[in-house]
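Here's a quick briefing to read with the model open beside you. We'll go through the domains, one interface, the sheets and a salt bridge.

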Amino acid sequence: MAINMQNIITSIKNLEKFLKVPDLQGAVAVKKENGQPFCYTGGFNMVFKLEHQGKKWAFRVWHTPYGEKERFQAISNYLNSRKLPYFGEFFYDSRGLLVNGVLHDTIRMEWVDGQLLKDYLKENLYDKEKLLDFAGKFMQMVKTLHENKISHGDLQHGNILIDSNNNISLIDYDSICIPETEGQEEVVSGLKGYQHPSRFDAKKSSLTTDYFSELIVYLSVLAIIENPDLWEKYRLEESEYLLFSENDFFNLKSSEIYKDLQNLSPIIKDLLFVLDVYVRNTNYLTIRPIDEYSFLELNQRAKNEILSFELNIPRPLMIRFSASKIVVLEGDEIELSWKVKNASKVYLLENEQEVNSFKNNDFESISEKLVPLRGKVRKKMTKSTLFTLLPVPIQNSENQTENLKTIEIEVYPRPEIINFKPNKCHVTCGEIITLAWNIKNGMKAYIWSGGICNTVKNKAEITINLTKTTKYKLEVIALDNETKFEKEIEIAVHHKVQIINFELILGDASKKEAPTKLRWNVMNASEIILKSDKEPDQDVSNLKEIIINPTKKTKYWIEAKNKCFSAESQKISVDVQTSIVKKMTNFFSK
């Protein structure tokens with residue numbers, strides 16, 4: 001139930017009575033010029049600025065129930081145990097504020113001073129050394145967060161602060177992911193201009209969430225350092241983006257920003273290449289962080305290219321190097337294609353050892369890896385592989401690997417439906433049964449029945465109450481987020497067997513009627529057996545009647561059954577004289 005915001009403000013104005021956090025006893029609320037408490041109001045909470053013993057705190061109170069107590073407590077414990085310089089102190093306090101007679105949970109975070117990223121960029125737009133220092137510290141922060149298994153979850157200009165010493169702090173911890181919270185449902189998915197398009201479909205917290213936004217921030221800052229005119233061209237001061245919009249990610253190479261950045265230095269082009277790899281990947285959970293792309297560390301590349309250009313030395317030109325798929329399942333085939341100009345030869349390498357052989361001029365060991373300047377090849381994938389296309393310059397160069405390009409193919413195990421079955425396949429009408437399943441290596445799973453689809457976990461069970469025979473289909477989406485695997489079962493519902501009648505029919509020879517017969521009418525039976533005390537059992541499931549010709553007095557009856565029920569008729573005693581008497585009667589009647 002929502003809390004009246006005016007009641008919250010009243011409690012903040014009277015902290016000496018209503019603040020129940022022991023560590024903040026004696027704190028006062030910072031006020032604006034009009035005397036009202038300094039306050040930010042969001043969709044779920046209100047944030048006030050408190051001062052306590054010379055220290056400032058951001059004090060958060062929910063005006064709308066959020067239901068995230070355990071998650072925030074886990075994040076608080078984890079961040080405080082790591083003590084990283086990028087996060088202020090962060091505490092979740094149960095029953096921290098009394099509002100209108102009810103105690104409510106609160107959060108307090110160390111108040112961080114500094115400039116937001118866009119304000120900082122605007123102020124230092126032409127100070128390349130300062131901005132390059134920030135870029136270096138940003139990448140150090142990225143590496144540290146990865147090492148400590150922390151994902152901020154909403155990395156964007158509004159959540160990055162830079163202080164007067166060029167040190168970076170992160171604010172707004174609502175979307176933070178730590179190992180303990182990975183896989184939980186996300187409430188915040190971040191600004192679209194900073195997020196991979198597939199993130200808005202996943203809606204699950206992940207430690208890989210920041211990989212895409214880290215590249216967007218780093219690439220954008222380097223591009224602005226090199227060409228400050230981009231600030232005005234893309235009106236960054238009033239936009240919610242940092243060079244890239246969400247529309248650019250759907251057709252990156254056709255976007256205006258892509259064309260603008262292609263005119264900049266080689267490192268920008270390399271980062272654009274990585275961004276292109278990211279956006280062509282349909283699942284943000286499978287992309288690699290930029291600090292793992294070793295080929296980006298080319299400190300002398302720009303200098304070498306300038307020298308080459310001034311001396312008019314033709315350098316290899318990589319026109320194309322692409323793969324039909326970059327995320328596949330074990331055993332799938334991919335097609336690599338390439339086109340290179342101005343190269344004496346081209347190597348297509350598949351592992352680090354082969355690349356090192358090239359760097360060490362051990363060309364003999366990789367002689368079988370030579371390929372034409374233009375071509376394509378199919379590869380059956382059994383493990384994740386980093387393919388490297390390495391053109392050799394026509395003239396000798398100090399750096400033979402400066403023009404290499406890489407494509408990483410991520411290979412995932414194929415899904416396996418270990419189990420998908422009910423505890424009974426044949427049930428009575430209204431009987432409650434259990435349907436269980438177990439899936440290995442699946443990204444998503446759905447169960448279909450009667451045209452209705454439900455999302456399910458990889459391992460679970462449900463109870464079912466059926467009134468009619470029903471088919472269920474388990475659909476599994478593989479880890480490539482594309483391939484489907486299916487299995488279907490049918491649960492048969494059986495009703496009580498009913499024998500409507502079972503009778504003896506004596507035929508009239510004068511009317512050319514058939515001889516003596518047994519006739520029956522049965523409902524809900526899959527099997528009908530004619531039994532006798534003198535003759536073998538007969539399966540008459542597909543019949544409605546049968547001729548009999550006993551040679552002695554015989555009793556007949558039928559047994560009808562399905563997988564759940566059975567029934568037995570009354571017994572009919574047939575004497576051998578019965579037919580004879582009937583025939584004689586017919587004879588004398590003539």
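Buried area here is the accessible area, taken with a 1.4 Å probe, that two parts lose on being put together, summed over both. With that in hand, domain 4 and domain 5 bury about 360 Å² between them, and 85% of it falls on carbon and sulfur atoms. Keep in mind that this is a predicted model.

**Domain layout**
- Going along the chain, you get domain 1 (5-110), domain 2 (115-312), domain 3 (317-412), domain 4 (416-494) and domain 5 (498-574).
- For domain 4 and domain 5, the C-alpha centres sit 41 Å apart.

**Where domain 4 meets domain 5**
- On the contact count, 4 residues of domain 4 touch 4 residues of domain 5.
- Which residues of domain 4 lose the most area to domain 5? They are His-426, Thr-428 and His-494, and together they make up 98% of what that side buries.
- Strand E19 (residues 426-428) gives the most to the domain 4 side of this interface, with 3 residues.
- Looking for charge pairing across the interface of domain 4 and domain 5 gets you 0 salt bridges.
- Polar contacts come up empty too: the count between domain 4 and domain 5 is 0 residue pairs, with both residues required to be at pLDDT 80 or more.

**The E7-E8-E9 sheet**
- Here 3 strands make an open, antiparallel sheet, in the order E7-E8-E9.
- Its edges are strand E7 (115-116) and strand E9 (168-170), each pairing on one side only.
- Strand E8 (residues 160-162) runs antiparallel to E9, and 3 bridges join the two.
- To find the register, look at Leu-161, which stands opposite Ser-169 in E9.
- Helix H5 (residues 128-147) lies across E8 and E9, and runs at about 45° to E9.

**The E10-E12-E15 sheet**
- This is another open sheet of 3 strands with antiparallel pairing, ordered E10-E12-E15.
- Strand E10 (317-323) and strand E15 (374-380) are the edge strands with a single partner strand each, so one side of each has no neighbour in the sheet.
- On average, neighbouring strands of this sheet are turned by 15° against each other, direction ignored.
- Strand E12 (residues 333-341) and E15 run antiparallel, joined by 7 bridges.
- One pairing to click on is Glu-333, whose bridge partner in E15 is Lys-380.

**Strand pairing around E27**
- Strand E26 (residues 498-505) and strand E27 (residues 517-523) run antiparallel, with 7 bridges joining them.
- Asn-501 has Asn-521 in E27 as its bridge partner.
- E27 also pairs with strand E30 (residues 545-547), in the antiparallel sense and over 3 bridges.
- In that pairing, Leu-518 stands opposite Ile-546 in E30.

**Salt bridges**
- How many salt bridges does a search of the whole structure find? The total is 29.
- A pair worth pulling up is Asp-23 and Arg-108, whose side chains meet in a salt bridge at 3.2 Å, N to O.
- Asp-23 lies in the loop between helix H2 (15-18) and strand E1 (28-29), while Arg-108 is in strand E6 (residues 102-110), so the pair ties together parts that are 85 residues apart in sequence.

Notes. Residues numbered from 1 in each chain as written. Predicted model: local features only at pLDDT ≥ 70, side-chain atom pairs only at ≥ 80, totals over all residues. Heavy atoms only, no water. Pairing = 2+ DSSP bridges. Helix = DSSP H or I, 4+ residues; strand = E, 2+ residues; numbered from the N terminus. Contact = heavy atoms within 4.5 Å. Axes fitted to C-alpha atoms, helices over the stretch in contact; angles between N-to-C directions. Domains from an automatic or database assignment. Salt bridge = Lys/Arg side-chain N within 4 Å of Asp/Glu carboxyl O. Polar contact = N/O pair within 3.5 Å; in protein donor to acceptor, adjacent residues only side chain to side chain.
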